[in-house]
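I opened a new page for this protein and wanted to note what I looked up, going from the whole chain down to single residues.

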Amino acid sequence: MTTVIDCVAIGEDLMKELVKETEELKAKGITPGIATLLVGDDFGSKMYRGQVEKFCLEAGFNYFNENPPADATEDDVVEIVKKLNANPEVSGILPLRPFPEQISDTVVINSIDVNKDIDCFHPFNMGKLAMNEVTFPPATPAAVYEILERYARDVEKLDPKDFFEGAEIVVVGHSNIVGKPVAFLALNRNANTTVSHVFTSMKGNLEKHTTGADILIVAAGKADLIGPDQVKEGAIVIDVGINRVKVVDENGQPVLNDKGKQKTKTVGDVSFDAVKDKTKAITPVPGGVGSVTNRMLMKNALKACKMANGLL
Ligand code: NAD
């Protein structure tokens, strides 16, 4: 029997825990706060900013919106970061990328106070993550392990330590923001960790690695990259990918909406319907890892707030 992991419920549970902890902090006169930094008006970043603002409101956090114009200089943006670094009401700073061309990601990220770097963008914190030292694990990779740990405890009735140690974890994707930190977190849990990526596929070797996985974590951004042939019977599959694809009917013809435009839908990297029955457990898309990611960011902000106030 396959377990389709209810990530929406996990996200809701986490939010309840966040609200409770925030109330306890507020009773001590302390309110956590998140500042987003968006330069210009990139559509995807604006959507993400809106979600962060909504979750801050829901959890009782303060929210700060910094939005210099698209023609702001690098110095202007670094000055904003310095102001946020110095503001005790701001527990965490979240730069929303892409930045406009004239602004270097590295310069802005390196100017963030490492104790307010709640999505682990700073190389100092990424280094700590790689060395298994206390830091702010980046939100999406942290969400993957929050989901797996809850699954281990609640469904398999296993201590997460025993669940991960020696397990074959295969990560598909090696980006700095998802694939690599997912792999560091697997190694930190003593899993036997393999990282595959686009060059693995180009050599025709993807299936060789993914079919060895007890736990397969896919973050490639390619719809239908993983079908039943790429998955071992009884594997646990975590699909991080988010892709917008066109909807077609059974004859491969476009399905149109009321306005005569082709319908689209959100899918992951795993062909869910074809793979599901082969797995022991799987996360869906939508309603998967993304339902937990923002809550992990807020958990990091709460941790930063406690650290700043000498409570951790
Ligand atoms: P990215 O483009 O930076 O990296 C993609 C990775 O996938 C690369 O390492 C690349 O080598 C690998 N890859 C690409 N094609 C491949 C192939 N054919 N075979 C094997 N590997 C292949 O993307 P990213 O920022 O790491 O994001 C990955 C996916 O995760 C995207 O779909 C993104 O939208 C999604 N994402 C989801 C969340 C969430 O909360 N659910 C958060 C962040 C990113």
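The entries below begin with the overall fold and then turn to individual residues.

**Entry 1: the whole chain.** I noted before anything else that this is a predicted model. I then looked up the secondary structure and found 12 helices and 11 strands in the protein. For the overall dimensions, I read that the C-alpha atoms fill a box of roughly 55 × 50 × 35 Å when it is taken along the principal axes. I also compared the radius of gyration with the rule for a compact globule: with 312 residues such a globule would be near 20 Å, and the protein has 20 Å, so the two agree.

**Entry 2: inside and surface.** I asked what share of the 312 residues counts as buried, and the value I found is 46%. Looking at contacts with a separation of 6 or more, I found that 69% of them are between residues 24 or more positions apart. The exposed area of the protein comes to about 15300 Å², and carbon and sulfur atoms supply 52% of that area. For the charges, I wrote down 35 positive and 44 negative side chains, with the centres of the two sets lying 1 Å apart.

**Entry 3: Asn294.** I located Asn294 in helix H12, which covers residues 290-308. Is Asn294 buried or exposed? Its relative accessible area is 6%, and because buried means under 20%, I entered Asn294 as buried. Leaving aside neighbours within four places in sequence, I found Asn294 in contact with Tyr48, Gln51 and Phe55. With Gln51 there is also a polar contact, side chain to side chain, at 2.8 Å. I looked up one separation as well: the C-alpha atoms of Asn294 and Val155, which are 139 residues apart along the chain, are separated by 24 Å.

**Entry 4: Ser91.** I found Ser91 in the loop between helix H3 (74-86) and strand E4 (92-96). Although Ser91 is in a loop, it counts as buried, at 8% relative accessibility. I then asked which residues Ser91 touches, not counting those up to four places away in sequence. The residues I listed are Pro32, Gly33, Asn115, Lys116, Ile118, Ala301, Ala304 and Cys305.

**Entry 5: cis peptide bonds.** I looked up the peptide bond that joins Arg97 and Pro98 and found it to be cis, with omega about 15°; Pro98 lies in the loop between E4 and helix H4 (105-110). I noted another cis peptide bond, joining Val285 and Pro286, where omega is about 0°. Pro286 is found in the loop between strand E11 (281-282) and H12, and H12 is the helix where I had placed Asn294.

**Entry 6: positive phi.** I looked up Lys157 and read a phi near 55°, which is a positive value in a residue other than glycine. Lys157 is found in the loop between helix H6 (139-154) and helix H7 (160-164), and at 65% relative accessibility I entered it as exposed, because exposed means over 50%. I then turned to Asn190, which is not a glycine either and has a positive phi of about 65°. The place of Asn190 is in the loop between helix H8 (179-188) and strand E6 (192-196), and its relative accessible area of 48% means that I recorded Asn190 as partly exposed.

Terms used: Residues numbered from 1 in each chain as written. Predicted model: local features only at pLDDT ≥ 70, side-chain atom pairs only at ≥ 80, totals over all residues. Heavy atoms only, no water. Helix = DSSP H or I, 4+ residues; strand = E, 2+ residues; numbered from the N terminus. Rg over C-alpha atoms; globule rule 2.2 N^0.38 Å. Buried < 20%, exposed > 50% of the residue type's maximum accessible area, 1.4 Å probe, protein only. Contact = heavy atoms within 4.5 Å. Areas by Shrake-Rupley, 256 points an atom, 1.4 Å probe, with all protein chains shown as cover. Lys, Arg positive; Asp, Glu negative; His and termini not counted. Charge placed at Lys NZ, Arg CZ, Asp CG, Glu CD. Polar contact = N/O pair within 3.5 Å; in protein donor to acceptor, adjacent residues only side chain to side chain.
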